Amino acid sequence: MPKAKKPADDDDYIDIDDAEPEGLKGADGGYAWEEEYKRSWDVIQEDASGSIQSSVLGISDQRKRKRRIRDTSIVQRGIIRHVMLVIDESESMSFKDMVPTRIHATLRLAEKFITEFFDQNPISQLSIIATKDGLAERLTELSSNPMDHINALRSKGNKDLAGEPSLQNALELGMHGLKRAPSHGLREIICVLGSLTTCDPGDIEQTLQALKQGQVRVSMVHLAAEVFVFKRICKETGGVFAVAIDEDNMKDVLFEC
């Protein structure tokens, strides 16, 4: 018969303390490092009927509040602004990554932009330029009547998308229209583009130097991706370049102009 083992002394055991150090515990009983992270799925909560619509609306309201706070920052602008709004009407604007297509979303936001522009700049002027098939066409002359521009967008804006845009021709046409603008006002060109390419007849570098000499500020909103030459033109003329990830973001970056 095997002999019974002798009980070991207390000193023979390894004392393992299951209690966690105080520094690792958070206020809610979990680990402290877990409190540094917010789990997005915890923000969405169902209401009594099982719907998450109220949470979604809350997130949307939060985005609007952040936009209003950003818009209250001090921005130095002239009293009178002369703006050429360039709209891409190439084949790339027929893509359906925006509802229903890029061109329809752009024209819809362009109308809102024009209304908001004249609300904030009642004595300023605006003109619309469309570019497609390697050419640029002026849809409206510089004027302070928002309905002239909105009617032109509705009648001419979404017809016959074709070819590639010509950024150089659009900028040259915009500079030609801004030559008549008085020197005490700001001269700006705002472009909404969807194409990753541009069909230009000459050296875009010469156009860039002419923009800088004429003190024309160029800003662009692109619907696809960042293009080096587009961003460089905006940077060197003191403008802003942004890529819109969706229609809401497109509205934000366009209205910042």
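Two residues are in contact here when heavy atoms of each come within 4.5 Å. With that in hand, let us start at Leu 126 of this predicted model. Setting aside residues up to four places away in sequence, Leu 126 touches Val 83, Phe 113, Ile 114, Phe 117, Phe 118, Glu 141, Leu 142, Ser 143 and His 149.

Leu 126 is a good way into the interior, as it is listed with Ile 87 and Met 250 as the residues with the most contacts inside the largest nonpolar core, a set of 30 residues. The elements that give two or more residues to this core are S1, H3, S2, H4, S4 and helix H8 (247–255). Helix H3 supplies the largest share, with 9 residues. Apart from this core lies another, of 22 residues, including Val 86, Ala 170, Met 220 and Cys 234. As a general background, nonpolar side chains tend to be buried together in soluble globular proteins.

Let us step back for a moment to the whole chain. You will find 8 helices and 6 strands in it, and read along the sequence they follow the pattern α-α-β-α-β-β-α-α-β-α-β-α-β-α. Of the 257 residues, 36% are buried. Among contacts between residues at least 6 apart in sequence, 66% join residues at least 24 apart. The accessible surface comes to about 16,200 Å², and 52% of that belongs to carbon and sulfur atoms.

Strand S1 is a helpful place to look next, and Val 86 is found in it. Val 86 counts as buried because its relative accessibility is 0%, and the cut-off for burial is under 20%. Beyond its neighbours up to four places away in sequence, Val 86 touches Ile 129, Thr 131, Ala 170, Ile 189, Ile 190, Cys 191 and Val 192. The last of these contacts spans a good stretch of chain: Val 86 and Val 192 are 106 residues apart in sequence, yet their C-alpha atoms are 6.2 Å apart in space.

Now move to strand S4 (residues 186–193), where Glu 188 lies. This residue is buried too, with a relative accessible area of 4%. The side chain of Glu 188 makes a polar contact of 2.6 Å with the side chain of Arg 81. Residues up to four places away in sequence aside, Glu 188 touches Arg 81, His 82, Val 83, Met 84, Leu 178, Arg 217 and Cys 257.

Helix H4 (residues 146–156) shows how burial can be arranged around an axis. The buried residues of H4 are His 149, Ile 150, Ala 152 and Leu 153. Looking down the axis of H4, you would see these buried residues fall within an arc of 160°, so they line one face of the helix. Their cover includes strand S1 (81–88), helix H3 (102–120), strand S2 (125–132) and strand S3 (135–143). At the N-terminal end of H4, Asn 145 acts as a cap, with a side-chain oxygen 3.1 Å from the backbone nitrogen of Met 147.

Our last stop is the loop between S1 and H3, where you can pick out Thr 101. Thr 101 is buried, with a relative accessible area of 12%. Its side chain and that of His 104 are joined by a polar contact of 2.6 Å. Leaving aside neighbours within four places in sequence, Thr 101 is in contact with Met 93, Ser 94, Phe 95 and Lys 96.

Definitions and conventions: Residues are numbered from 1 along each chain as its sequence is written. This is a predicted model: local features need pLDDT of at least 70, side-chain atom pairs count only at pLDDT 80 or more; totals for chains, interfaces and linings use all residues. Side-chain values use heavy atoms; hydrogens and water are left out. Buried means under 20% relative accessible area, exposed over 50%, partly exposed in between (1.4 Å probe, protein chains only). Helices (H or I, at least four residues) and strands (E, at least two) are DSSP runs, numbered from the N terminus. The arc is that of the directions from the helix axis to the C-beta atoms. A polar contact is a pair of N or O atoms within 3.5 Å; within protein, one must be able to donate a hydrogen and the other to accept it, and residues adjacent in sequence count only if both atoms are side-chain atoms. A nonpolar core is a set of buried Ala, Val, Leu, Ile, Met, Phe, Trp, Tyr and Cys residues joined through side-chain atoms within 4.5 Å. Accessible areas come from the Shrake-Rupley method with a 1.4 Å probe; for residues, only the protein chains shown count as cover.
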